[in-house]
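Visitor: I would like a close look at a single part of this chain. Please start there and then work outward to the rest.

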Amino acid sequence: MEKFNESIGFDQRMWSEDVRGSIAFAKANAKAGILTQEECDILVQGLNQVHEEWAAETFEIKPGDEDIHTANERRLTEIVGPVGGKLHTGRSRNDQVATDTRLWTVKAEKEVLNDLKTLLQAGAHVAEENIDILMAGYTHLQPAQPIRYSHWLLSHMAPLVRDAQRLQQMIPRTNQCPLGSGALAGNAFGIDREFLAKELGFDGVTANSLDSVCDRDFVVEFLMWSTMLHTHISQLAEDLIITNMLKGVDMDDAYATGSSLMPQKKNPDALELLRGKAGIALGRAVGLTATLKGLPRAYNKDLQEDKIPLFQAVDTVKDCLAICTGVLLTMQANPEKLKEALCPEMLATDLADYLVRKGVPFRETHHISGACVRLAEEEKIRLDQLTLEQLQNIDARFAEDVMKVWDYEMSVERKSSLGGTARSSVQKQIDDIRVFCESL
Ligand code: ARG
């Protein structure tokens, strides 16, 4: 049962938060007159020593140390003697663990936000470096219209900007202090919760003691957030796996692996793992949500199950952000191969637009351009190989200047609306990401 019940094996990661929480709690109890200033000083000194032992990796976990809270208190009492027993006055491990976990999560969220910023900056950099390169854009994985390679890359940065915004909004919600909620009913010694919150760098105090000890919304929120982030990274990875297969982009050797059997192989393992991590991420979010569903008020030991998925999620997100940044910064686009995938049929819409500019209704031009595509198919030639005469046989409004339609660069440059694939619109997207990153 001891082995089954303990959490020290994983919650020791919160040793620093636990010590910080205890120092603030000792100070608040001194302020409330529960501890003398001298007792408080002794406790704070002892807690600082506990902190040093963890930092120096000399802290010894003993049998009976059920979790990080009991371990730290046991050690504190060894150092300072019986006065150590005064620290926990009015406190429960219920408000203590909620406090530690929130402090840990806020720190992790800030680090993750910074890693995400690095990825976005890398994306903006790579997009700018490769702004000249054109590629085939697809819908339904069917060739659709020419776009800039940079525009495609930025299409994967836009969701990551939203993820960064969402994470930014989560931090103040997580950063609320539950300490002083006691086991469930509140603190009977007149503790100043605003003071506790301030000491610990929280933005405010939680609203209801009963809720405070069992609220794990912030953990679920991070798990769901990470699922969305992994989903976006997974989509980027999948696009890159396909483009890599078509030789439009080459992965750096550092992010690829060979085969144990086939000597010619270079597999995009980094991308496949980036794609694959999303599944288990969703599992963690679903798993903890199912654990919380139907829990009675207030603290129940089920809640101890929150930390393993939380820690795993943070570790996995950080790994993926770092690897994804490395992949983007080291991969090499192959402009010739990307261009090879362009075909004149992808300009069929431009052909229709040509007549639109001559005043023909689009529904009609769509039909006319379709007839041109069909004729080229029948003649077994490319769309741009139709002669002016053949075009004019389909519609007399085609003139000499129609041949200018067969230009991928011009097609792309016409998409100069905000968010389009023209160079100026792409540059604006890059600039906007940079401004956003500066604001983080
Ligand atoms: N190790 C516990 C957890 O992680 C700490 C809280 C224990 N509280 C209790 N009443 N047993 O949730």
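Guide: Threonine 77 touches Gly84 and Gly85, leaving aside residues up to four places away in sequence. This is a predicted model, and that holds for every value below. Threonine 77 sits in helix H5, which spans residues 68-80. Is threonine 77 buried, exposed or partly exposed? Threonine 77 counts as partly exposed because it has 16 C-beta neighbours inside 10 Å. A residue needs 20 or more to be buried and 12 or fewer to be exposed. Proline 296 is 219 residues from threonine 77 in sequence, and the two C-alpha atoms are 34 Å apart in space.

Now the domains. The domain assignment gives domain 1 (1-86), domain 2 (93-128 + 138-191 + 202-341) and domain 3 (344-406). Between the centres of domain 1 and domain 3, taken over C-alpha atoms, there are 78 Å.

UniProt adds its own divisions. Its unreviewed entry lists "domain: Fumarate lyase N-terminal" for residues 1-282. That span is 62% helix and 7% strand, and its end C-alpha atoms lie 30 Å apart. For residues 346-413 the unreviewed entry gives "domain: Argininosuccinate lyase C-terminal". There the chain is 59% helix and 0% strand, with 15 Å between the end C-alpha atoms.

Next, phenylalanine 10. Its place is in helix H2, residues 8-11. Phenylalanine 10 touches Lys307, Ile308 and Phe311, again not counting residues up to four places away in sequence. It counts as partly exposed, because 16 C-beta neighbours lie inside 10 Å. Leucine 179 is 169 residues away from phenylalanine 10 along the chain, and 22 Å separate their C-alpha atoms.

Then the ligand. Which residues surround it? They are Ser7, Asp11, Asp67, Arg93, Asn94, Val97, Tyr299, Lys301, Leu303 and Gln304. By class, this shell has 3 nonpolar, 3 polar and 4 charged residues. Domain 1 and domain 2 each supply at least three residues to the shell. Helix H6 (residues 93-129) gives the largest share, 3 residues.

Helix H6 deserves a second stop. Alanine 108 is found in this helix. Alanine 108 is buried because 20 other C-beta atoms lie within 10 Å. Tyrosine 138 is 30 residues from alanine 108 in sequence, yet their C-alpha atoms are 37 Å apart in space.

What about the nonpolar interior? The largest nonpolar core has 100 residues. Leu116, Leu120, Leu196, Leu223 and Cys324 touch the most other members. Helix H10 (residues 217-245) gives the most to this core, with 12 residues. A second, separate core has 5 residues, including Ala98, Val213, Tyr299 and Leu303. Tyr299 and Leu303 are also among the residues surrounding the ligand. Back in the largest core, leucine 196 is worth tracing. Not counting residues up to four places away in sequence, leucine 196 touches Ala24, Phe25, Ala28, Cys177, Leu179, Gly180 and Ile191.

Domain 3 has its own packing. In helix H14 (residues 348-356), Ala348, Asp350, Leu351, Ala352, Tyr354 and Leu355 are buried. The buried residues of H14 pack against H15 and helix H17 (408-413).

Last, the backbone. Most residues other than glycine have a negative phi, and most peptide bonds are trans. Three places depart from that pattern.

Start with the peptide bond. Arginine 297 and alanine 298 are joined by a cis peptide bond, with omega about 0 degrees. Alanine 298 is found in the loop between helix H11 (269-292) and helix H12 (307-330).

Leucine 141 has a positive phi, near 55 degrees, and is not a glycine. It lies in the loop between strand E1 (134-139) and strand E2 (142-148). Leucine 141 is exposed, because it has just 7 other C-beta atoms within 10 Å.

Lysine 380, also not a glycine, has a positive phi of about 55 degrees. Its loop runs between helix H15 (362-379) and helix H16 (388-394). With 7 C-beta neighbours inside 10 Å, lysine 380 counts as exposed.

How values were computed: Residues numbered from 1 in each chain as written. Predicted model: local features only at pLDDT ≥ 70, side-chain atom pairs only at ≥ 80, totals over all residues. Near = placed C-beta within 6 Å. Helix = DSSP H or I, 4+ residues; strand = E, 2+ residues; numbered from the N terminus. Nonpolar A, V, L, I, M, F, W, Y, C, P; charged D, E, K, R; others polar. Domains from an automatic or database assignment. UniProt positions renumbered as here; feature names shortened; annotations may be inferred. Core = buried A, V, L, I, M, F, W, Y, C linked by C-beta atoms within 7 Å. Contact = placed C-beta atoms within 7 Å.
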